[in-house]
Amino acid sequence: MEDSAWRRLFFLGAFLLLLSCATIPRGRLGVHKHEALYNRTKALALVEYASAVYIVDDASLLAWNCSRCQGVNKDFKIHTLIVDVQHCLQAFVGVAENLNSVVVAFRGTQKTSMQNWVEDLYFKELDLNYPGVTDAMVHRGFYAAYHNTTLREQVVTAVQRIQQDRSELRVTITGHSMGGAMAAFCALDLTANYGVKDIEVYTFGQPRLGNAAFAAFYIATVPRTIRVTHEHDLVVHLPPYYPRMGQKTYHHFPNEVWLIKVSVDRMHYEFEQMCDSTGEDIYCSRSVLGNSVADHLNYYGVYLRTVDNVLALNSDSANSNSSLASQALGYCRTTSS
């Protein structure tokens, strides 16, 4: 057999071996229950909504003809666009017929809190006052971004109005980075406080939101949640997880799906690894260093940031991780569109 043929066979064998390692978590066998929840096609649609909500041209969003509005979600009908100029936050609510769902998308852009939260990792927790939960603590800044701004009232009102006319529609909530944090708090709020049923959540590059008691309460209340992480994404490692601190440490909730790349010769493949039910699977994103802003800004090949913000990041490669996280998370437009 020619050398080239042997070489192809060798790389094919290596590829199949790597594939088996990428799809079956090391040291554990079996199927995780959230494999039935995770849908790649749906994830690809929702990451486009998480990208579109970063558009700062309000008119193009309302008309749904922006540069990021013409992909797989081109038939989306926007109902309400919410812009909180004071806190530099944005969200929209609309109807996606192909998903049979009300879609809520959050952009995480609160300038002040996002520039400072990395410095306040240990001192910004507050007790979560929800019925049926004890000892749950959450990050004050993330909680306030949803609960203490104009977003909450307008999002809840929009969802209720749509469901009054279209009661058959489920609610799907998404967001990237701090937008993912707000998406989670919104889902919890709609479920626990407003009795909304059949809520589904997909977040991308979401930071930790609270302690283990909060994580357990959240996933029990909103079980249909997928938290997508990507390679060495910096933000999903923040605030840090310190097991020795017990209930005082931040703790991710499940269900994590970790996007990882496998390279064979000159070919590159991306796979989804289903993680365990702890929220802190040591074989998923916790198995790598969280040191990449680039991995945070790109999920499934979709760009999740504003152009100006990325140009600023690329022009300053000497920043520390804390400063990079602040920049990657925080964008605030200074003028309205």
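Reader: Where in the chain is the place of Asp135?

Author: In this predicted model, Asp135 is found in the loop between strand E4 (125-127) and strand E5 (137-139). Asp135 has a positive phi of about 65°, although it is not a glycine.

Reader: What makes the peptide bond from Leu238 to Pro239 worth naming, and what is its omega?

Author: The bond from Leu238 to Pro239 is cis, and its omega is near -20°. Pro239 belongs to the loop between strand E8 (225-230) and strand E9 (256-264). A cis peptide bond also joins Pro254 and Asn255, with omega at about 5°, and Asn255 lies in the loop between E8 and E9.

Reader: How do you know how H6 and H7 are placed, and at what angle do their axes cross?

Author: Two packed helices are described by the angle between their axes and by the distance between those axes. For helix H6 (residues 151-165) and helix H7 (residues 178-192), the axes come within 11 Å and cross at roughly 55°. An angle from 65 to 115 degrees would count as roughly perpendicular and one under 35 degrees as roughly parallel, while the value here falls into neither range, so H6 is called oblique to H7. The crossing of H6 and H7 is right-handed.

Reader: Which residues of H6 and H7 meet?

Author: From H6 come Leu151, Arg152, Val155 and Val156, and they meet Met182, Cys186, Asp189 and Leu190 of H7. Sorted by class, this contact of H6 with H7 holds six nonpolar, no polar and two charged residues.

Reader: Why are H7 and H8 called oblique to each other?

Author: The axes of H7 and helix H8 (residues 212-221) come within 10 Å and cross at roughly 60°. Set against the limits of 35 degrees for roughly parallel and 65 degrees for the start of roughly perpendicular, that angle lies between them, and H7 and H8 are therefore oblique to each other. Their crossing is left-handed. On the side of H7 the contact is made by Ala184, Phe185, Ala187, Leu188, Thr191 and Ala192, and on the side of H8 by Phe214, Phe217, Tyr218 and Thr221. These residues divide into eight nonpolar, two polar and no charged.

Reader: What is the handedness of the crossing of H5 and H7, left-handed or right-handed?

Author: The crossing of H5 and H7 is right-handed. The axes of helix H5 (residues 140-147) and H7 come within 9 Å and cross at roughly 65°. In H5, the residues Gly141, Phe142, Tyr143, Ala145, Tyr146 and His147 meet Met178, Ala181, Met182, Phe185, Cys186 and Asp189 of H7. By class, the contact of H5 with H7 has nine nonpolar, two polar and one charged residues.

Reader: How do you know how many cavities of 30 Å³ or more the whole structure has?

Author: Rolling a probe the size of a water molecule over the atoms shows where empty space is left. A search of the whole structure finds one cavity of 30 Å³ or more. About 50 Å³ of space lies in the largest cavity, and a space counts as a cavity if the 1.4 Å probe fits but cannot get out.

Reader: What makes up the lining of the largest cavity, by class?

Author: That lining has one nonpolar, four polar and six charged residues. The residues are Arg208, Arg227, Val236, His237, His252, Glu256, Gly279, Glu280, Asp281, Ser285 and Arg286. Val is among the residue types that count as nonpolar, whereas Arg, Glu and Asp count as charged, and Gly counts as polar.

Note on methods. Residues numbered from 1 in each chain as written. Predicted model: local features only at pLDDT ≥ 70, side-chain atom pairs only at ≥ 80, totals over all residues. Heavy atoms only, no water. 1 Å grid on protein atoms, 1.4 Å probe; cavity = no way out; pocket = protein on both sides within 12 Å on 5 of 7 lines; lining within 4 Å. Points joined across faces, edges and corners; volume = space filled by probe spheres on them. Axes fitted to C-alpha atoms, helices over the stretch in contact; angles between N-to-C directions. Helix = DSSP H or I, 4+ residues; strand = E, 2+ residues; numbered from the N terminus. Parallel < 35°, antiparallel > 145°, perpendicular 65-115°, else oblique. Left-handed = near helix turned anticlockwise from the far one by under 90°. Contact = heavy atoms within 4.5 Å.
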